[in-house]
Amino acid sequence: MSSQGKHVVFDVVGTCVSYDAIFDALDTRLGERLRAECIKPKLLGYTWFEAAEREYTYLSISNRYMRFYDVFASLFYRMLWMAGIEEPRKFATDDDLAYILEKFMDLKARPGVAECFQTLRDAGFTCWAFTAGDVKRVRGYFTKNGIDMPEENFLSCDSLKIGKPAPESYQPLLRQLDGDEVWFAAAHMWDVSAAKSVGFKGAYCTVWEKEPCTDLFGDMDVMEDTFPEMAKQIIAASGNGKDKISSKFKLYCLPNNLYNAVRNMTSSSQCNRGPVSDPVASFWNATPRKLDEYRSSQQLPSNADVVIVGSGLAGISTAYHILQNNPEAPFIVLLESRKVCSGATGRNGGHVKPDTYFNVPKYTKLYGPKAAAELAAFESSHVFAMKDLVERESLDCDFHLTRAVDVYLDPEHARQTEEAYQELVKAGVVNLHDVAFTTKRDAERISGVKGAQCCFSFTAAHLWPSKMVHGLLEKLLQKGLQLHTNTPVASVSTTPDSQGLWTVNTPRGSIKTPKVVYATNGYTAGILPEYTNVIVPVRGIASHIESPKGKSAPHLVNTYGIRFDSRNNDYLIPRADGSIVVGGARQRFWHNRDRWFGNIRDDELVDEATSYFDGYMQRHFRGWEDSGAEVKQVWTGIMGYSSDFMPHIGGIPEKPGQFIIAGFSGHGMPEILLCSKAVAAMVRDGVPFENSGLPSMFKTTAQRIASESSPLEESLRPLWETKIKAKLS
Ligand SMILES: Cc1cc2nc3c(=O)[nH]c(=O)nc-3n(C[C@H](O)[C@H](O)[C@H](O)COP(=O)(O)OP(=O)(O)OC[C@H]3O[C@@H](n4cnc5c(N)ncnc54)[C@H](O)[C@@H]3O)c2cc1C
């Protein structure tokens with residue numbers, strides 16, 4: 001954060017620089033021809049910009065954000081058509097367009113802009129630029145016009161992938177300057193009034209629009225005809241206590257529900273994908289821990305060797321592996337939006353259940369038998385990797401090695417699964433030594449689950465995940481890791497600076513670093529928009545069940561998957577204290593897309609699913625009928641489902657030094673630890689993905705990111721369509 005405490009954020013195109021160069025270019029190139037059609041070049045230029053603004057905004061709000069320049073260029077022939085030209089592509093050529101666009105690189109500063117900046121700086125203001133244009137082109141305007149504008153004070157909608165005037169587009173900067181006096185200055189009333197509505201003070205210059213139309217936009221704090229006058233009036237109006245803007249007030253002191261509403265304004269834009277405040281308490285995180293809201297220092301460091309975003313198992317175990325046995329330990333800063341481990345890791349089922357057989361046929365179809373076998377082996381090895389970690393680091397996290405029992409309740413589903421399993425046995429590609437199959441005859445007695453049609457068992461584990469994370473974190477802090485909780489990353493610069501450093505922006509300041517690791521799970525698209533629809537936030541629900549003392553409740557020694565059919569299944573772990581953690585309840589809400597898919601609201605329960613867990617043990621387990629078992633707590637959590645079912649691991653394409661470890665599709669416990677070990681080797685030693693030992697399908701690639709297809713959504717569509725059809729009939 002700037003130490004000066006007073007800031008003016010300027011819009012650039014149309015405000016600091018005029019459109020005249022484009023209008024002149026239109027005139028030079030097409031003027032005569034246009035006038036022959038009774039079209040004024042300047043009017044055409046104006047409508048072209050206006051139309052481009054509209055399409056840019058429409059694309060942005062429909063989640064198809066495009067660079068303004070690309071939108072503008074694409075509309076050229078359409079504008080000619082709209083102006084009344086019958087054959088636009090005969091009337092003008094691509095060369096004409098290229099000529100005009102070249103002039104777009106050379107927009108001239110409006111009179112008095114340089115003086116305005118200087119006056120403000122002399123009065124202690126920091127000047128910023130926030131543009132809908134692309135950074136390279138728009139920065140060039142300042143350079144070419146001899147106006148100083150440091151790169152770090154420059155923000156583009158391109159990095160947020162949200163076009164102005166969406167309120168969320170202004171908020172990251174407001175948060176970054178939290179508590180200071182922050183002005184927004186523009187020559188577009190729509191821009192100033194939108195910025196003002198989220199907490200900026202508004203300064204408007206009439207130089208472009210002449211008519212402010214205050215009946216539409218309201219009055220601004222400063223309204224002047226020239227830039228030097230505007231600067232003087234900002235200074236005159238500044239420092240007045242009652243006017244001082246606090247973004248904290250505007251953004252953080254809103255009642256909680258309103259704050260979330262502003263932040264989330266659901267699904268209409270990509271930025272609303274960060275963790276929401278005040279998630280419901282989970283059983284695992286109910287008791288406060290000393291590191292919950294820990295910050296290693298009051299100020300955020302300005303530089304780091306590595307910045308890790310996210311304090312779930314993925315972030316913490318990546319840090320662990322980077323620092324383990326490392327005599328040249330890098331300086332790592334770990335940033336967490338909320339409390340430590342307040343995401344999925346602190347809200348899950350605690351089940352480390354490798355997928356040893358169930359999805360093997362599905363993955364064989366998608367990725368081939370060898371890859372499917374590799375994945376199954378990788379997951380199985382995880383159980384022991386977790387055990388080794390717990391023992392090596394003496395982590396107090398209720399770790400228990402166990403067997404998972406997968407129980408099938410639907411006869412047809414049981415039959416199909418048995419058939420597929422027998423095929424796997426015959427094929428001999430996947431190692432099934434640890435998998436035991438029990439037919440219907442013995443399934444209910446072996447599993448203890450009523451109505452079991454068959455069951456499978458294999459080695460698994462259960463634990464208290466957030467205890468594991470906190471235990472590791474304590475050790476990492478001793479090794480020099482810096483932790484900063486309640487520090488959401490708002491954005492990361494779109495390009496590295498001249499020294500190859502990325503800028504990680506938070507409301508508490510920015511950090512320059514050569515390496516960024518995104519361990520952001522379902523929230524990844526919030527700061528890596530290219531992963532929108534690639535890693536989808538998905539809401540799940542779990543519960544904690546207990547029997548009153550003195551009641552008879554058989555102690556369960558296995559963990560469970562209870563499969564009602566091919567889609568609906570619950571997961572369950574028995575805790576050593578006799579209580580149960582069980583999650584799932586898909587039957588209650590999965591048909592209703594908005595209730596869970598693309599949903600980040602872990603600050604509320606899924607009401608229609610909450611009562612699902614009442615009487616659960618009595619319903620399903622032999623001997624529990626008189627247990628008196630009752631639900632003590634229900635909570636929600638946000639997972640990151642990958643559109644092709646595989647996590648995204650490794651170097652992010654075209655972003656050297658940036659890495660991702662995310663998208664575990666609600667199944668991270670048997671995948672994350674070894675993935676984090678591999679990512680750490682990439683970050684620390686530059687090990688290529690191919691030598692990391694990870695299943696090849698995990699590699700994040702440009703192709704996977706750009707893919708339009710989503711096997712995940714395809715598999716769910718019939719479920720959602722059934723609901724729509726039912727509604728229509
Ligand atoms: C209800 C539920 C039950 C589950 N049960 C199981 C189970 O039994 N077994 C299993 O294997 N898996 C289960 N899962 C999935 C499992 O919990 C996840 O796969 C795993 O925890 C993911 O870990 P992570 O570190 O990638 O993500 P998270 O634990 O979600 O951590 C990501 C962190 O990043 C932070 N963050 C995100 N964006 C930003 C930002 N911009 N700035 C700063 N910080 C940010 C978040 O606040 C969060 O703390 C379950 C999940 C849920 C929700």
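**Sheets, a ligand shell and two odd backbone spots**

Strand β17 (residues 515-518) runs parallel to strand β24 (residues 658-662), and three bridges hold the two together. Strands here, like helices, are DSSP runs numbered from the N terminus (helices are H or I with at least four residues, strands are E with at least two), and two strands pair if DSSP finds at least two bridges between them. Within this pair, Tyr-518 of β17 sits opposite Ile-660 in β24. This is a predicted model, in which local features need pLDDT of at least 70 and side-chain atom pairs count only at pLDDT 80 or more, while totals for chains, interfaces and linings use all residues. Residue numbers start from 1 along each chain, following the sequence as written.

The β17-β24 pair belongs to an open sheet of six strands, with the order β13-β8-β7-β17-β24-β23 and mixed pairing. At the edges are β13 (482-484) and β23 (648-651), each of which pairs on one side only. Going from one strand to the next, the twist averages 15°. As a bit of background, strands of a sheet pair through backbone hydrogen bonds, and they can do so in parallel or antiparallel fashion. Helix α16 (residues 313-323) lies across four strands of this sheet, namely β7 (306-309), β8 (332-335), β17 and β24. Its direction is at about 155° to β7; axes are lines fitted to C-alpha atoms, for helices over the stretch in contact, and angles run from 0 to 180 degrees between N-to-C directions. Contact between two residues means that their C-beta atoms, placed from the backbone, lie within 7 Å.

Helix α16 also turns up around the ligand: α16, α22 (524-527), β18 (535-546) and β22 (630-642) each supply at least two residues of the shell. In total, 46 residues surround the ligand, and the closest are Gly-312, Gly-343, Gly-349, Gly-637 and Gly-668. To be counted as near, a residue needs its C-beta atom, placed from the backbone, within 6 Å of the molecule. The shell splits into 21 nonpolar, 22 polar and three charged residues. For that split, Ala, Val, Leu, Ile, Met, Phe, Trp, Tyr, Cys and Pro count as nonpolar, Asp, Glu, Lys and Arg as charged, and the others, Gly among them, as polar.

UniProt, in an unreviewed entry, lists residues 305-682 as "domain: FAD dependent oxidoreductase"; such annotations may be inferred rather than shown by experiment, feature names are shortened, and positions follow the numbering used here. The span is 29% helix and 26% strand, and its end C-alpha atoms lie 14 Å apart.

There is also an open sheet of three strands, in the order β14-β15-β16, with antiparallel pairing. Its edge strands, β14 (491-492) and β16, each pair on one side only. Two bridges link β14 to β15, with Val-492 opposite Val-504 in β15. Five bridges join β15 (residues 502-506) to β16 (residues 509-513), and Trp-502 faces Thr-513 in β16. Just two residues separate β15 and β16, which form a hairpin.

Elsewhere, the chain is divided into domain 1 (6-12 + 118-251) and domain 2 (20-104), with bounds from an automatic or database domain assignment. Taken over C-alpha atoms, the centres of domain 1 and domain 2 are 27 Å apart. Nine residues from domain 1 and eight residues from domain 2 make up the contact. The domain 1 side has three nonpolar, two polar and four charged residues.

Finally, two backbone details. Most residues other than glycine have a negative phi, and most peptide bonds are trans. The bond from Lys-164 to Pro-165, however, is cis, with omega near 5°; Pro-165 is in the loop between α9 (157-160) and α10 (167-176). Asn-486, which is not a glycine, has a positive phi of about 50°, and its place is the loop between β13 and β14.
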